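Ready for some practice in reading a protein structure? Have a look at the chains below, then work through the exercises one step at a time.

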Amino acid sequence: MLLALTVMLAVTAHPAPASQAPGAAALTILTRDGQRTLPLTTLANRDYVTIDELAGLFRLTAREDDLAGGMTLTYAGQTIVLTADQPVVSVAGRLVSLPAPPRRQGARWLVPVEFLPQALGLIYPERLDLRRASRLLVLGDLRVPRVVTRIQAGTTGAQVTFEITPTTTAEVTAGSGGLTVRFDADAIDLSVPTLPAQTFLLAVTAGDTPTTVRLATGPRFSTHRVTTVPADASSSRLVIELLPAITTTEPDTPAAPSASLPAPATPPLLAPAPATGVRTIVIDPGHGGEELGAQGPRGTLEKTVTLGVARRLRTLIETRLGLRVLLTRDDDRTLGLDERAALANNNRADLFISIHANAAVRAAVRGAEVYYLSLDRASREAQRIAEGPATRLPALGGGTRSIDLILWEAAQARHLEQSSVLAGLVEQALRGRVEMSPHAVQQAPFRVLVGANMPAVLVEIGYLSNGEQETALASASYQDQIAQALYDAVARFRDHVERGSTPTPGGGAPEPR
Amino acid sequence: MTLRTLVLSAVVAVAALGFGWSLFTALERWLATPPAAVADGGGEAVLGVATPGDDVARITVTLYFASADGLGLQGVEYQVPLAATPAEQARAIVEAQLRTRPAEPLLATVPEGVTLRGVYLSERGDAFVDLDGAVRTTHPGGSMYELFTIYAIVNAVTVNLPSVPAVQILIDGQEVDTLAGHVDLRRPLTRNDALIVD
Ligand SMILES: [Zn+2]
């Protein structure tokens, strides 16, 4: 282990990454031998690390070539070539795209933090697993499951769900003032939504050790019940119900179940998915945060509508198909397009659905549309380069990280056929429920689809620039219709993949334009 | 460190340097061409149909606007000044595409007030069209609107200048991810016939 040779920190009980002080931004690096940090510089919402600090930590030889305006980084005889302001780097002869170009600030060189897994990861002998959202880098074979917390609080109880990926066991113990959940892992990558304190649950926080989470219970809490539900082959859900003292005759009713949560007591709804096929679905609500997207004449925002539909769709798929569903964003935040595809890639999603609402030059234009990626000249070239002899090299990482072995640009190219099947199914399902545009299935060079390493479509669910459609798009009933249609399409696509059944496109084959 | 990575390193280290640098220096050369070199090629005379008696040599080009039903891009012939070089000709065409407000029922697809900072050509013939930031701040969003804005420009250049295979749009001199969150602008785009209607 390389870092063992570097100066060790006096780590006694290193805090879990989630409890890191939010002040100065830093990337927490977890290794067998402890924890290190790498300072982060944030520019335009993107995290960068300096080459100097990278080189120091990973024992790289950095050499600047003033003449060519470039920088070479060498590790064990393998070289990475960077050029300022070029978002493409050469890693041992292979071209790899970065989400943003390296930057020069005086004598300092900065690279986006994705450089670590996407470029350095190709020549470094250990796995570099970047958890961008939690600013965590896991080195080697440490077991650091991602633990995503969802909280459903009601007046008769509360329910805390931990989605654990990859799955590991956990033990819940009751103590004074709350419950402690201990995960069987080296550390956990914990995310907890903010919640207002209420009568059953006051707070969910990282525990005293890297593998524990603490639930501070409130005055009405009396007892708890734990259920573990396999979500799919690689992840599971641990559900903790916080219940009041039993005074009524309904102790078996799950606390405050809601449509937005799968009820753990009803396993038929959550039958484990088969080992192959469609297990994980990433839903991408378009835009968010500072990026409003399109806007209706009465001010309805695309970013709001897309999130509403995405949440409805998640609920349907989770509860009826029992599949693992991830949203690229579950709140109103600014999120880069590469990060959306990366979330799907990193979670090995089997399906990617980006949801948008449209605007046209003319207000009369209306109807829903489905897009899959068109290959332009450049992406066809990228695909050729990726498949050509220059990059046909032994698979680093044992072939499990194929996304790193090809140009990012070409990731979607390999799935176009399935993406077009998916687009056809989505179009068919939508047509039964909502008005379609005259060009219902189209191809376009949409950025969010380019890097998705799985079948992927972008659905435009209607035109905000049309007054009537704006009203519909903002309504719960229209959003439900869209979610139901997309759910139907996902279910049919799953059948298509898992049973090899050929979907029958209704009303003729989709007509790409 | 494994044997595999050692072997790999021996094979590719040299190639990496050579290939990497040659690619990047090529890119640098394309991108280093200052927009200023063609910055004054336009002028006011580009608008509209040729005035009789005007002694500036003109060529007929096809510009693209949203069709009456709003569902496609429709080509309309206009005249623009004949330019001395392909880069200047491309600039004159884009200037006209940006400034022309077509007759009803057609509609322009580039928001009003967007100015052209420059047009230049790469060694392989691709055009780089550098728009000012107004194109982003005034754009109403929506993938269809964005496709129409971008492909009106891409088609105007590639259809009228067959020697230009593709067009990359820059904003304020920078390569950008997208204009309004959808269309990938990191690479030159080729002409899109599917959006064109008669
Ligand atoms: Zn959108």
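Read along the sequence, the elements of chain B come in the order α-β-β-α-β-β-α-α-β-β-β-β. The model is predicted, so local features need pLDDT of at least 70 and side-chain atom pairs count only at pLDDT 80 or more, while totals for chains, interfaces and linings use all residues. Residues are numbered from 1 along each chain as its sequence is written, chains are lettered from A and ligands numbered from 1 in the order in which they are written, and side-chain values use heavy atoms, with hydrogens and water left out.

**Exercise 1. Find how many helices and strands chain B has, and how much of the chain is buried.**

Step 1: Chain B has four helices and eight strands. Both are DSSP runs numbered from the N terminus (helices: H or I, at least four residues; strands: E, at least two).

Step 2: Of the 198 residues in chain B, 54% are buried. Here, buried means under 20% relative accessible area, exposed means over 50%, and partly exposed is in between (1.4 Å probe, protein chains only).

Step 3: Take the contacts in chain B with a separation of 6 or more: residues 24 or more positions apart account for 63% of them. A contact means heavy atoms within 4.5 Å.

**Exercise 2. Work out the strand order of the open three-stranded sheet in chain B, and what packs on it.**

Step 1: The order is β1-β2-β8 in chain B, with mixed pairing. Two strands pair if DSSP finds at least two bridges between them.

Step 2: β1 (58-66) and β8 (196-197) of chain B are the edge strands; each has a single partner strand, so one side of each lacks a neighbour in the sheet.

Step 3: Between β1(B) and β2(B) (residues 73-81), nine bridges form an antiparallel pairing. Within it, Ile59(B) has Val80(B) in β2(B) as its bridge partner.

Step 4: Now add the helices. Helix α4 (residues 143-160) of chain B packs on the sheet and touches β1, β2 and β8 of chain B, with its direction at about 155° to that of β1(B). Helix α2 (residues 86-99) of chain B lies across β1 and β2 of chain B, at about 40° to β1(B). For these angles, axes are lines fitted to C-alpha atoms (for helices over the stretch in contact), and angles run from 0 to 180 degrees between N-to-C directions.

**Exercise 3. Explain which parts of chain A the salt bridge between Glu470(A) and Arg298(A) ties together.**

Step 1: Recall that side chains of opposite charge can pair when their charged atoms come close. A salt bridge is a side-chain nitrogen of Lys or Arg within 4 Å of a carboxyl oxygen of Asp or Glu.

Step 2: Glu470(A) and Arg298(A) meet at 3.7 Å, N to O. Glu470(A) lies in helix α9 (residues 467-474) of chain A and Arg298(A) in the loop between β23 (280-285) and α3 (302-321) of chain A, so the pair links parts 172 residues apart in sequence.

Step 3: Check the surroundings: Glu470(A) is buried, at 0% relative accessible area, whereas Arg298(A) is exposed, at 56%.

**Exercise 4. Describe the salt bridge between Asp193(B) and Arg191(B).**

Step 1: The closest N and O atoms of Asp193(B) and Arg191(B) are 2.8 Å apart.

Step 2: Asp193(B) is partly exposed at 45% relative accessible area, and Arg191(B) is also partly exposed, at 42%.
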